[in-house]
Amino acid sequence: MSHSDAETASDALVAMRGITIQFPGVKALDGVDLVLRAGEVHALMGENGAGKSTLIKALTGEYAVDAGTITVAGEPRVFHGTADAQSAGISTVYQEVNLCANLSVGENVMLGHELRRGGRIDWRATHRAAAEHLENLGVELDTRTSLSTHSIAVQQLVAISRAMVTDAKVLVLDEPTSSLDRSEVEQLFSVMRDLRARGVAILFVTHFLDQVFEIADRCTVLRNGRLVGEYPLPSLTPGSLVQLMLGRELDDLEALSSVADRHVDRSGAPVVRATGTGRKGVIEPTDIDVYPGEVVGIAGLLGSGRTELARLLAGADHADSGQIEVAGKAARLANPRSAIDHGIAYSSEDRRAEGILGDLTVAENIVLGIQARRGWRKLRKAEQDAVVAEYIAALGVRPASPSTLIRNLSGGNQQKVLLARWLATAPALLILDEPTRGIDVGAKADIQRKVAELSARGLAVVFISSELEEVLRLSQRIVVMRDRRKIGELASHDVDVDAVIDFIAHEGQEGAA
Amino acid sequence: MSAVMKHRLFWPLVVLLALILLNTVSRPSFVRITVHDGRLYGSLIDILRNSAPLMLVALGMTLVIATRGIDLSVGAIMAVSGAVALTIIQDSGDPANPAVLAVAIGTAVGAGLVCGLWNGFLISVLGIQPIIATLVLMLAGRGIALLITGGFITTINSDPYKFMAQGYVLGLPFAFYVSLVAIAIVALIERRTALGMLTEAVGINPEASRLAGVRARGIIWGAYAASGLLAGFAGILYSSNIMAADANAAGLYIELDAILAVVLGGTSLAGGTFSIAGTVVGAFTIQTLKSTITFLGVPPAVTPVFMAAVVVVVVLVQSRRFRRFMGRLPARLRTWTSRTPDGAEAAS
């Protein structure tokens, strides 16, 4: 796949060569190359922790490189900040759209480039220009509406228009499709195709393999901070791409499929039984029970009440109706702490806002759960080291260094640390809300395997995920939610993904009628 | 060397040493320490002694700031504490009696603790924003102190009381020992128990900490209580130094000095990870800066401007971004000067 220097020099818009970035205790990137050509969609692939985000931040000027060169349009550049990269024509649209939600669409598109007349901003002309930029992308919007009233998909398109206002030659899209539905993805792709035809180089980062094959022309694969290679996509299959990313074959998940059929002994008392548990305006009274050694999946769309139910069981929100029994005895779960004291651990779907403590180390993040219960009495150093080492090894946290700040870890590894925090408290029930969202195939498999293993040893688990395959693979029973209420329960060995989707789509309506 | 430079105390210490150097260069007697009657005298000893009230207040402020809070009421609490202590001593009619002093100091420090508990209640239970909640006591506290002293400046004559701020033990000022003990106790409680880590967790992300089972309310409440308690002690030292309870002047603006000391020590106002050692260096830096002003004979009229200028420089020196900017400045100037004559190149 190597190109001669002459060839790359002629059509390369951006050439990053030998990029090395060192964090305290971690070599995030080690001599990585990335070449973007005008008029191509280039996918950047790799597991979590492979160095994708770091490479993007080097390209957009957020991180200074410790070694290596960046050439834009044949001219060597050193970026001292994002402004430098932007003036070189490199624009980024991040996973979490970074626009001003309280400003109008037009103000967001034109921010910093407002049209002026006589020293004052000519708002009419500015909005007209914004509308033109949006139309160029095939988007029709009232530019005076507040940005926050629009969906994430529209906001993303606004962010792209904004990038085009600055006349970007290179557009970096970091996980743009993770919160879009299928038709929104189509709209985004048609915009991307259009920009490609106009000669823009697009760097596309995603975890969705099928999208890569649908839109990308070429891809660069990273693994553990090193370059695996650059490949034209037609030469790859999804299987071979996954193999390049992981460096190993992935048969492990297949082996897990037997988990769902495992027999669960429901003769004793359930670990947790909720009867008519609900909260006004949030979720209708719901029944759910989980037995030792059982994985109960919760299936349902975003906003169906699945997270809300989990939060009631975890004491994160207060239930205003119904009873909750823990191990056969009535329990009052007034706050997360009382739930934890009852052996209920809850890992939130929002890893960054409700999970990790970014400025603390991996070790501190792991022991926090134990420490919170002990109060002031500090865990002895030797005890702490043992716990931390045990879980880092058991869950395969990378880098396996307890003193690294957790914010320097990739999403998948942060998730593993959070899992470690909860497992260290030796819970009876583990509630996992979207534990595999936005993490790569390898980490996903690790986490699923761990869940299967723990439940086989008697841990009760509530498993929530948007990916129905995952829910079906792991759970023995599936609670189906829709419109903030439970619409039924399925035994997972009787159904497949289509049947669950069908159930969500139809059963709920019948029930409501 | 670079490992030393990356240590979080490196730049705070550089600033402190630079200030001492500045004084020494302008007048070498600054670092001279003389022995007289078995006691040490000199500007540096004065700094150790005079920094004690600020040190106590800054220690409490560190804990409060670590929880994402702020305590503006510390100066007013000092006024309350001083007023309580001196009123009790004055009313007793026996100002040298150790029992009277013990009661006076105990009550005064207790008053500080009550003030801190009140702040903590408003913030951790009622959920009022820290800056507003402590503003209440910042304004009301001096009024309370005036009520206690009956609107007068209470003065007393008590040698044992005077000893606390002005006495010497083993050649060093007693107030310095008070500082040391406070530093040691706070550091031990925070670092030898898990309280420090839990405080940092609450400051970094209150919601994530709550979900992890941390009892954030107690930790935040405790931080304000500690701040009030330490301000109570600071009030004793202050009133002992002037042997008077002046409700209007005691601890005036000390909250700002304390916040500055915490920030100079490398603890972020955004909360989270904190450094006790950093705050200690920060408090010494501010006291040294105050001595510098007297020592260099800066006219009183321009003292605030001088102080502000020094603070700006100090904060800039500690800013990583500013240092990086200065480090690149020569290179930037070179490219700039080489490009400007050729307009075409600059435009490309």
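Q: With 19 C-beta neighbours inside 10 Å, how does A:A424 count: buried, exposed or partly exposed?
A: A residue is buried if 20 or more other C-beta atoms lie within 10 Å of its own, exposed if 12 or fewer, and partly exposed in between, with C-beta atoms placed from the backbone. A:A424 has 19 such neighbours, so it counts as partly exposed.

Q: What kind of model is this?
A: Residues are numbered from 1 along each chain as its sequence is written, while chains are lettered from A and ligands numbered from 1 in the order in which they are written. Local features need pLDDT of at least 70, side-chain atom pairs count only at pLDDT 80 or more, and totals for chains, interfaces and linings use all residues, since this is a predicted model.

Q: Which helix holds A:A424?
A: Helices (H or I, at least four residues) and strands (E, at least two) are DSSP runs, numbered from the N terminus. A:A424 belongs to the run of residues 411-424 of chain A, helix α16.

Q: How far apart are the C-alpha atoms of A:A424 and A:I366?
A: A:A424 touches A:I366, among others, leaving aside residues up to four places away in sequence; contact here means C-beta atoms, placed from the backbone, within 7 Å. The two residues are 58 residues apart along the chain, yet their C-alpha atoms are separated by 7.5 Å.

Q: Which helix gives the largest share of the side of domain 2 of chain A that touches domain 3 of chain A?
A: Domain bounds come from an automatic or database domain assignment, and here domain 2 is 253-343 + 427-512 and domain 3 is 353-426. Their contact takes 11 residues from each of the two domains. Four residues on the domain 2 side come from residues 441-456 of chain A, helix α17.

Q: How many charged residues are on the side of domain 1 of chain B that touches domain 2 of chain B?
A: Nine residues of domain 1 of chain B meet nine of domain 2 of chain B. Ala, Val, Leu, Ile, Met, Phe, Trp, Tyr, Cys and Pro count as nonpolar, Asp, Glu, Lys and Arg as charged, and the others, Gly among them, as polar. The domain 1 side has eight nonpolar residues, one polar and, for charged residues, no.

Q: How many of the 19 residues of α5(B) are buried?
A: The expected span of a helix is 1.5 Å times one less than its number of residues, and for α5 (residues 74-92) of chain B the expected 27 Å agrees with its end C-alpha atoms. This helix is largely enclosed by the rest of the structure, because its buried residues number 15 of the 19.
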